[in-house]
Amino acid sequence: MALIDLANPTRFLAFSARALPWLIAVTVILLLVGLQQSVMAPDDYQQGATVKIMFIHVPNAWLSMFVWGVMSIAALGTLVWRHPLADVAAKAAAPLGAAFTFLALVTGSLWGRPMWGTYWEWDARLTSVLILFLMYLGLMVLWRAVEDPSRAARAAAILTLVGAINLPIIKFSVDWWNTLHQGASVLRMGGPTLDRSYLIPLLIMAIAFSLLFITLHIAAMRNEILRRRVRSLQLLQASRQPT
């Protein structure tokens, strides 16, 4: 099946019903393998066992930005190509992005307390990620506040594209400003600086969390499509009732 065929909601529902069980199985297996590898990773000579927070914190931090990137592409689909599933994809992704960002903030604070001596510091990286979290919440409120789905979709798409400006600020904040947060140690010019004993579990967890997002996103899109169909039927039924 070509990807363009999935633009039809009915075909998407049929395809996702077949794909979801496989995605769930692979995601669970990879999460279990990643957790086992994370537990078996050695303690750091400076950070001790607290270094293992990295295996949860970093994948969530990556996904917090990746999900907004997915929503930005979906926003273009809504405004430019008027793709029938673009708005559904963006709306379904927002709560997931908020959850990943929240987990990144919480695990980062827990990791920062023994390393920096504080749970929070208003530096560029932490503040820009907090702004990202608030933007996710703002979009979710917007979708609930605007009753007309098409108006809500267009407004959310515009705000999503404007909010995408924050992504490079988050990414390069550790280079542009003096922050407590360490610089990139995996996705950097010259290759990763992490030892293999940490890098391999981290990459497995990153793939597992990415598959978790894909699985939850597809399930949420299915729920949103079915919810809209039920709403359409209710409106049609209400319009046929005698006044």
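Which residue forms a salt bridge with K52? In this predicted model, the partner of K52 is D43, and the closest N and O atoms of the pair are 3.6 Å apart. Both residues fall in the partly exposed class: K52 has a relative accessibility of 23%, and D43 has a relative accessibility of 46%. The pair is one of 5 salt bridges in the structure.

A further salt bridge joins the side chains of D87 and R228, with an N to O distance of 2.7 Å. This contact links distant parts of the chain, as D87 lies in helix 3 (residues 86–116) and R228 lies in helix 7 (residues 196–240), 141 residues apart. The two partners differ in exposure class. D87 is buried because its relative accessibility of 10% is under the 20% limit for that class. R228, with a relative accessible area of 24%, is partly exposed.

R228 also forms a salt bridge with E224, and here the closest N and O atoms are 2.7 Å apart. Unlike the contact between D87 and R228, which links distant parts of the chain, this one lies within helix 7, where R228 and E224 are 4 residues apart, about one turn of the helix. E224 has a relative accessibility of 9% and counts as buried. R228 thus has a salt bridge to D87 and another to E224, and both of these partners are buried.

These contacts belong to a network of salt bridges that links D87, K91, E224, R227 and R228. Among the members of the network, D87 is placed in helix 3, while E224 and R228 are placed in helix 7.

Key. Residues are numbered from 1 along each chain as its sequence is written. This is a predicted model: local features need pLDDT of at least 70, side-chain atom pairs count only at pLDDT 80 or more; totals for chains, interfaces and linings use all residues. Side-chain values use heavy atoms; hydrogens and water are left out. A salt bridge is a side-chain nitrogen of Lys or Arg within 4 Å of a carboxyl oxygen of Asp or Glu. Buried means under 20% relative accessible area, exposed over 50%, partly exposed in between (1.4 Å probe, protein chains only). Helices (H or I, at least four residues) and strands (E, at least two) are DSSP runs, numbered from the N terminus.
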